[in-house]
Structure formats: structure tokens, C-alpha cells
Amino acid sequence: MNTPSHAASATHVPWDGLVTAALIGTGRRGAPVRPRPGQDPALALLDAAALHTVQRRAAALPAAPGSRPEPAPPDPRPPLPAAARRRLALLLGERAGGGDRRRTAAPDLVELLPQWLAAANGHGYRPPDALLPGLLDAARARTDLRPEALAFAGPRGRWLAGLNPRWAYALRAHAAGPGPVTGTPDATDPEELRRLWREGLFAERLAALAAARRRDPAAGREMVAGTWATERVEDREAFLGVLRDGLSPDDEPFLEAALSDRGHSVRALAAELLGSLPGSALTARMTARARTCVALDQGVVVVEAPHECDSGMRRDGITAKPPSGRGARSWWLSGIVEATPLSVWPARLRVPGAAEAVALPVADGWRPELHAAWCRAAVRQRDAKWARALLGPATAPPAPEGAPGRDPARLLTVLPAAERADWVARFVAAYGLSDAFRLIGVCAVPWAEPLGRAVVDALEIARDAGGYPWSFSGVMGLAERCLDPDQADRLAVPAAAGTAPDEDAAPPGAAGYWTEAFQRLAGTLRLRAVMRAELAG
């Protein structure tokens, strides 16, 4: 058994030092820890490594003895069912071990962790205490996991993160989500919120502001206004972003003042927020500018882009210097049209609605620029009617990659989930998968049945036509994570018939890849179905 002095010596040697000594050998370098009397240096090294391993598993860092931490807070959520607990241990172990990430017929467990966490949170479970270190390590390595992982970790996970600087991200991130699980301050105690705002660290201040804004939007705004002049530019931008929740006309005077801020990013955000307030003075100014730039003449839209970017335009968020390769006048026009309420255009162009406005001819080649600005306005203003009109029918030929004009993927985000999936399904049925990757990626998970069927049909057509299989690996990866698990039985036949393509026409190795890919897809869907059942208990 290690004596206290020996243990203290072992814990003060870094893990890397132990590994280096083991690789070189204690015979050549000696042991980096002090052996007990009569003990072989190699055994002393192994003892130190074992002690480090236990500490790492317990989420403890080597340190001199100190006061005990406060007990972990209770977590009232129900525990995971036994099968789901074993599954989580397997998923976290696969991530930590790295695994063999080559694409084989076996499901990729690492890629299933995000949706497992989302499903577990949907059931309201709490994680086993013993798996909290692995969960926090996983979220540290993958930022996309953090919202779900931290919600699942709950108050005990945040308590544990406070004991190890490796997980400091969990303490910084807690301001982003409401409720006791993510550690947001108690919104019922305004004095505590004001104290945190005056004295707290940045993350604590951000959390206090978010809580105050939810409790009383005006009080939250006044907190920001009271210290605005003394805040750093990047902090002002972050605090201004919190005002997005509960935004109302009462916030307009403060946001108008922020348009004169010395920080460009602050001015741009203030202009964006004002642009989302119907009837704001900024939208009135942008509307007046838009009327001087765009008009209808004998049934044709005519455009006269601004000839300069004056101080008023710059104050309202329009950048004077365009990006590289972009004309200045078209850039200024785009900024004006994007910030103008879309409700202005039917009356201005003397048409009943969005579809008729989009159908109008545009003179002098301005159509791509005007429609691109309308697209961005539809996304910013979340206007589904304009998004539908600008999208057009799913069977319309897709625009060349990088061409100005409509951006279907962004426009689709404005539509309801079912309508979005139906549009993409019809697009895939008409044009296959080559131009569909971004469109598929914005659809809700699991995919609705028409979209799932269209994607599988398109993959089978590509396979049977002898298509180059590796170009579809991205879509295959999405399908593994997004197809409804109930589609697994339908994939049994394609997986078994994976050698069907004409091997003379297909690239070398294509038949084997398609077989493996369909088998992997079917296997992943079946595993997701099993995971879903495990969480259901």
C-alpha cells in the first residue's frame, strides 16, 4: 500500500512524465517518483500510474490536500433505464477510445451520441454520476454536443465542472439556457441579479442579464444601459444580443442610441434588432431609401442603386466598403432592400402579393441582386409567403453553385417542417442528390416519410446506374442519422442486392462500397430503433 508521502510524490508528477519514463525505461532514466525502501523503480512507476488513473476516473486533479467541496446538489430527474445506461457507457467509451473511424458496415457509434442525448433529454432523465466525467469530456471535445450534454448533465454536472478547469466551458455556457438544469440565476430575486451584474464574472453577468430580461424586459434593458459606457465593445455586443428575447418597441430608444456606438459589430446588431421591430424609425428610413431605388415602370421593375453611402446609411448599419469582388452600388442597394419590410413591396410594385412581385421582370440585369436581397429579407423577417414565392416550384432547375439570386437552403428554414421536407423530397425526385446536400441538411430530424423515401430512391438509382459511390458518402452519413428508423426494413433488400449495379460501368470497387454502405445504413437505423426502445424503458 502507498504511504501518504509516497502518494503525494506520485500525484505531483505529470502524467506525461510517467509515460515518458515508461517508454524510455526506468533502467535508463530512473523512476520519476521516489520508490519505497526496497521497491523496484519500475513497480514504483506503475504504482504512480495506477494512482493517476484512479484520480482521472474520479474526475479529480492531483493537488495538495484542501478543504472538502460542498456536496453535489440533488438532481430530482428519474434515472436512466438500465439498458439505456449501458448504451450511454458504450457511446462515451467509443468516443474516448477513438475507435476505428474508417467507414465499414458497422454503425458509427460516435455519430449517434448527439441524437441519443437529445432523446434522453426529451424523456427527462438524469445521467449516472459515474458517467458524468465522460460526458463532460465528450462535450469538451465537440462543441456541437454542449447544449444537449450540459442539459443532460444537470446541476451535478455543473457542480463537477467547477472542480476541474478542463470543464470550465460548462460554467461559461450555462448562461445560454434557462432553468435550474443549466444553472441560470434565480430570476425571482432581483437583488441577487443586480449583485451578479455588478460583481460577477462575464458568464455570470450574462446569465443574470438573461434572467432579468425574462423576468422583466425593461429591468434587463436598464441594467445594460446603466453600465453601457464602461463596457468593452465585445461585451456590449454580447449584452445587446440578450435583448433579442422579449424585444419590443420599448427597446427602440436604447437601440437607436446604440446605432452611434463606436463598435461596428455593435452598430450592426443594433440595426438588425431595430429592423425586426415593425414600425421602427430605422425601418421607416430604410423604406424611404428603398422607394428611391426601386420602382415599377410600365410593368417592369427598374432599379437605381445609391451613388454613395452617406453617414445616415452608415449609421443604419450599411457598410460603406463592399466585400472583395462586389460592386459598391449593388452592395449598398442590397443592404437597403434587405432591411426594408417586405410588406412594402406589393403596394410599391402595384401587385397583390409576394408571388406576383417576384414574377415581375427586372430591367438592366438587376434581377439577381434584387431577388438575393429579398431572400435575405425573407429569412431575417421569417416571412413564409415571400420564402415560398422566392423558392418557386421544387422542379425548377437549380441555380449554378455560387450564382447570385435565391438561396433555397436558407429560404427553406422559414417554412414549416412538413412543407420544407415535402419541397426537398420533390427536388430530390426531380434532380437527384448532387445539388441537394444543403437542402436535406436543413430538414427536421427524423426526416418525414416522403423525404426519406425520396433520398433512399435516389441512392438506389445512383447505385443501379453505376454512379461514383464516394460522392454520395455525405448523404449516406446524413441518412444514417436522419432517416426514420422504421425505414430499416425497406433497406434490407437494397443492402442484400448491393452487387446489382453494372460492374462494367461502375468505378472499380463501387459495387462493394454500395453493398457496405447500404448494410451500414440499415444496421444504423436498426440500432437507433433499439436505442429509442431502451430510452422508452
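Arginine 244 and glutamate 272 meet side chain to side chain in a salt bridge, 3.2 Å from N to O. Arginine 244 sits in the loop between helix H13 (233-242) and helix H14 (252-258), while glutamate 272 belongs to helix H15 (residues 264-275), so the pair ties together parts that are 28 residues apart in sequence. Bear in mind that this is a predicted model. Below is a quick tour of the charged pairs, a small hairpin, two buried acids and a surface patch.

**Salt bridges**

- Searching the whole structure turns up 32 salt bridges.
- Back at the opening pair, arginine 244 is partly exposed at 41% relative accessibility, and glutamate 272 is partly exposed too, at 31%.
- Glutamate 192 pairs with arginine 195, with 2.8 Å between the closest N and O atoms. These residues are about one helical turn apart because they are three residues apart in helix H10 (residues 190-199).
- Glutamate 192 counts as partly exposed at 25% relative accessibility, and arginine 195 as partly exposed at 32%.
- In helix H26 (residues 449-464), glutamate 449 and arginine 453 are four residues apart, about one turn of the helix. Their salt bridge brings the closest N and O atoms to 2.4 Å.
- Glutamate 449 has a relative accessible area of 43% and is partly exposed; arginine 453, at 36%, is partly exposed as well.
- There's also a network: Glu256, Arg285, Arg289, Arg315 and Asp316 are joined by salt bridges that share partners.

**The S1-S2 hairpin**

- Strands S1 (residues 294-297) and S2 (residues 300-303) run antiparallel, joined by four bridges.
- Valine 294 faces valine 303 across the pair, and leucine 296 has valine 301 as its bridge partner.
- Two residues separate the strands, and glutamine 298 takes a positive phi near 55 degrees in this hairpin.
- In a regular strand, side chains alternate between the two faces of the sheet. S1 does just that: Val294 and Leu296 point to one face and are buried, whereas Ala295 and Asp297 point to the other and are not.
- S2 likewise has two faces, a covered one with Val301 and Val303 and an uncovered one with Val300 and Val302.

**Helix H18 and glutamate 338**

- Helix H18 (residues 328-338) has as its buried residues Ser330, Trp332, Leu333, Ser334, Ile336, Val337 and Glu338.
- Those buried residues pack against both hairpin strands, S1 and S2, and also against helices H16 (281-293), H17 (311-315), H19 (345-349) and H21 (367-381).
- Glutamate 338 counts as buried because its relative accessibility is 18%, under the 20% cut-off.
- The side chain of glutamate 338 makes a polar contact of 3.1 Å with that of arginine 376.
- Leaving aside residues up to four places away in sequence, glutamate 338 touches Ala373, Arg376, Ala377, Arg380 and Gln381.

**Aspartate 75**

- Aspartate 75 is in the loop between helix H4 (41-57) and helix H5 (82-97), and it's buried at 10% relative accessibility.
- Its side chain makes a 2.7 Å polar contact with the side chain of arginine 77.
- Arginine 156 is 81 residues away along the chain, yet its C-alpha atom is 6.8 Å from that of aspartate 75.
- Beyond four places in sequence, aspartate 75 touches Arg126, Ala153, Gly154, Pro155 and Arg156.

**A nonpolar surface patch**

- Trp15, Val19, Leu23 and Ile24 form a nonpolar patch on the surface, together offering about 350 Å² of accessible area.
- Valine 19, one of these, lies in helix H2 (residues 15-24) and is partly exposed at 34% relative accessible area.

Key
Residues are numbered from 1 along each chain as its sequence is written. This is a predicted model: local features need pLDDT of at least 70, side-chain atom pairs count only at pLDDT 80 or more; totals for chains, interfaces and linings use all residues. Side-chain values use heavy atoms; hydrogens and water are left out. Patches are made of residues with over 30% relative accessible area and no salt bridge: like charges are joined within 9 Å, nonpolar side chains (Val, Leu, Ile, Met, Phe, Trp, Tyr) within 5 Å. Accessible areas come from the Shrake-Rupley method with a 1.4 Å probe; for residues, only the protein chains shown count as cover. A salt bridge is a side-chain nitrogen of Lys or Arg within 4 Å of a carboxyl oxygen of Asp or Glu. Buried means under 20% relative accessible area, exposed over 50%, partly exposed in between (1.4 Å probe, protein chains only). Two strands pair if DSSP finds at least two bridges between them. Contact means heavy atoms within 4.5 Å. A polar contact is a pair of N or O atoms within 3.5 Å; within protein, one must be able to donate a hydrogen and the other to accept it, and residues adjacent in sequence count only if both atoms are side-chain atoms.
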